[in-house]
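This report concerns a single protein chain with its ligand. It treats the domains, the sheets, the ligand shell and one loop residue in turn.

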Amino acid sequence: MQNEISFYKASNIQDLLYYLKTVNNLKIYGGGTSLYETNKEFTVEIENNSLFLSQCPECCFIDKKERYIDFGSGVSLTKILNLGINKIPSYFYKAIETVANPLVRNLATVTGNICSEKFYNTLYSPLLAVDAKLEIKDYSETKLVSLSKLEKLKPGQVISKIRLPIIDWDLEIFERLGPVNEIIDVSASYTFLAQSEKDILTDLRVAFCGKIKLRSTELENQLIGSRLPISKRAIENTLEFASDLYDKEVSYLEEQNEVIHPMLKSQFINLLKSSLEKLT
Ligand SMILES: Cc1cc2nc3c(=O)[nH]c(=O)nc-3n(C[C@H](O)[C@H](O)[C@H](O)COP(=O)(O)OP(=O)(O)OC[C@H]3O[C@@H](n4cnc5c(N)ncnc54)[C@H](O)[C@@H]3O)c2cc1C
């Protein structure tokens, strides 16, 4: 006999916490657009009760401060784009613009984008590059965790908001790879952010995400402190380091029976090369 499943809609934060505490097997959704991905048909994971956050006003806020901007987990990508490119970091705005199509973006959320179980979706690389913070709530506590340290959520936990740090970058590059309006094996996103002062590179972030997730502070630290423009020799060394790093990550994934399309490596290395050459 098929188990009964229920759909819940949190109309406020108390509702949300109550459901988290009392309902077993509760799966949280933002816009629920991931349910439409498999062959574009509506497919619910039948063993789960489902709770939607998009009707919970306390989850649908955008709060901008001097050093960061908070996005509630129910806020749609369209609502964020409606703020305008001058109100949020432009690499993040551009990344959101490339997600799906306007209809999907009316429902989809940032949290839902980074919580996919099978794939590091389009918004993962910009958020990983700046090490965005996630607010995780359960019935009794609330904590902030870095995206780079995020582990699988425990039953009864929900990501209630995402905090994007605001940093003044001198060079911001975001690129999406693969076809538009769908996520397939060769989809990936690339983020490169750099800051300099008096011709010295003072901060650098590089992230590449898709089936693979790549960010290395070791790689970034090798270049931070260099005089600009970066020498040809330093660029070659960095590309060699990045290539080894990529291969290590792929072998690790292959041991777990994942198949990573070989084209992605050359795309990543070419993007990194052209970004480093732009640093002047
Ligand atoms: C036609 C189409 C095109 C698409 N194109 C793209 C694309 O170009 N790029 C891309 O990245 N994605 C794409 N997607 C996938 C998806 O729409 C997006 O990734 C979207 O941002 C997911 O957001 P959501 O709020 O709808 O997620 P949901 O479907 O609500 O949730 C996705 C996952 O996150 C979990 N989750 C959601 N919110 C929370 C929370 N608050 N706490 C804990 N877990 C949570 C859910 O349990 C689920 O596992 C596409 C989908 C469709 C249907």
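The sections below describe a predicted model.

## Domains and their contact

The protein chain is divided into two parts: domain 1 covers residues 7–165, and domain 2 covers residues 171–278. Taken over C-alpha atoms, the centres of domain 1 and domain 2 are separated by 25 Å. To the contact, domain 1 gives 17 residues and domain 2 gives 18 residues. On the side of domain 1 that touches domain 2, helix H3 (90–97) and helix H6 each supply at least two residues. H6 provides the largest share of that side, with 5 residues. By class, the residues on this side of domain 1 comprise 10 nonpolar, 6 polar and 1 charged.

## The sheet of three strands

One open sheet has 3 strands in the order E1-E3-E2, and the pairing is parallel. Strand E1 (7–9) and strand E2 (26–29) are the edges; each has a single partner strand, so one side of each is left without a neighbour in the sheet. From one strand to the next, the twist averages 25°. E1 and strand E3 (residues 49–52) run parallel and are joined by 3 bridges. Within this pairing, Tyr-8 has Leu-51 in E3 as its bridge partner.

## The sheet of five strands

A second open sheet is formed by 5 strands in the order E4-E5-E8-E6-E7, with antiparallel pairing. Strand E4 (62–64) and E7 are the edge strands, each pairing on one side only. With direction ignored, neighbouring strands of this sheet are turned by 20° against each other on average.

The table lists three strand pairs of this sheet with a bridge partner example from each.

| Strand pair | Sense | Bridges | Example of bridge partners |
|---|---|---|---|
| E5 (residues 68–72) and E8 | antiparallel | 5 bridges | Asp-70 and Arg-163 |
| E6 and E8 | antiparallel | 5 bridges | Ile-136 and Ile-159 |
| E6 (residues 133–137) and E7 (residues 142–146) | antiparallel | 5 bridges | Lys-133 and Ser-146 |

E5 offers a further example, since Gly-72 stands opposite Lys-161 in E8. E6 and E7 form a hairpin, with 4 residues between the two strands. In the strand order, E8 stands between E5 and E6. E8 is mostly covered, as 6 of its 8 residues are buried.

## The shell around the ligand

Which residues come nearest to the ligand? Of the 33 residues around the ligand, these are Gly-30, Ser-34, Gly-112, Cys-115 and Asn-121. Among the elements of the chain, E2, helix H5 (110–114) and strand E8 (158–165) each supply at least two residues of the shell. E2 thus appears in two settings: as an edge strand of the parallel sheet, and as a contributor to the shell around the ligand. E8 likewise belongs to the antiparallel sheet and supplies residues to the shell.

By class, the shell consists of 15 nonpolar, 14 polar and 4 charged residues. Why does the ligand lie between domain 1 and domain 2? Domain 1 (7–165) and domain 2 (171–278) both give residues to the shell around the ligand, so the ligand lies between them.

## Phe-119 in the loop between H5 and H6

The loop between H5 and helix H6 (124–129) contains Phe-119. The helices on either side of this loop have their own roles: H5 supplies at least two residues of the ligand shell, and H6 gives 5 residues to the side of domain 1 that touches domain 2.

Is Phe-119 buried, partly exposed or exposed? Phe-119 has 18 other C-beta atoms within 10 Å. A residue counts as buried at 20 or more such atoms and as exposed at 12 or fewer, so a count in between means partly exposed. Phe-119 is therefore partly exposed.

Leaving aside neighbours within four places in sequence, Phe-119 is in contact with Ile-183, Gly-210 and Lys-211. Phe-119 and Lys-211 are 92 residues apart along the chain, and their C-alpha atoms are separated by 5.3 Å. Phe-119 falls within the bounds of domain 1 (7–165), while Ile-183, Gly-210 and Lys-211 fall within those of domain 2 (171–278).

Definitions and conventions: Residues are numbered from 1 along each chain as its sequence is written. This is a predicted model: local features need pLDDT of at least 70, side-chain atom pairs count only at pLDDT 80 or more; totals for chains, interfaces and linings use all residues. Two strands pair if DSSP finds at least two bridges between them. Axes are lines fitted to C-alpha atoms, for helices over the stretch in contact, and angles run from 0 to 180 degrees between N-to-C directions. A residue is near a molecule or strand if its C-beta atom, placed from the backbone, lies within 6 Å of it. Ala, Val, Leu, Ile, Met, Phe, Trp, Tyr, Cys and Pro count as nonpolar, Asp, Glu, Lys and Arg as charged, and the others, Gly among them, as polar. Domain bounds come from an automatic or database domain assignment. Two residues are in contact if their C-beta atoms, placed from the backbone, lie within 7 Å.
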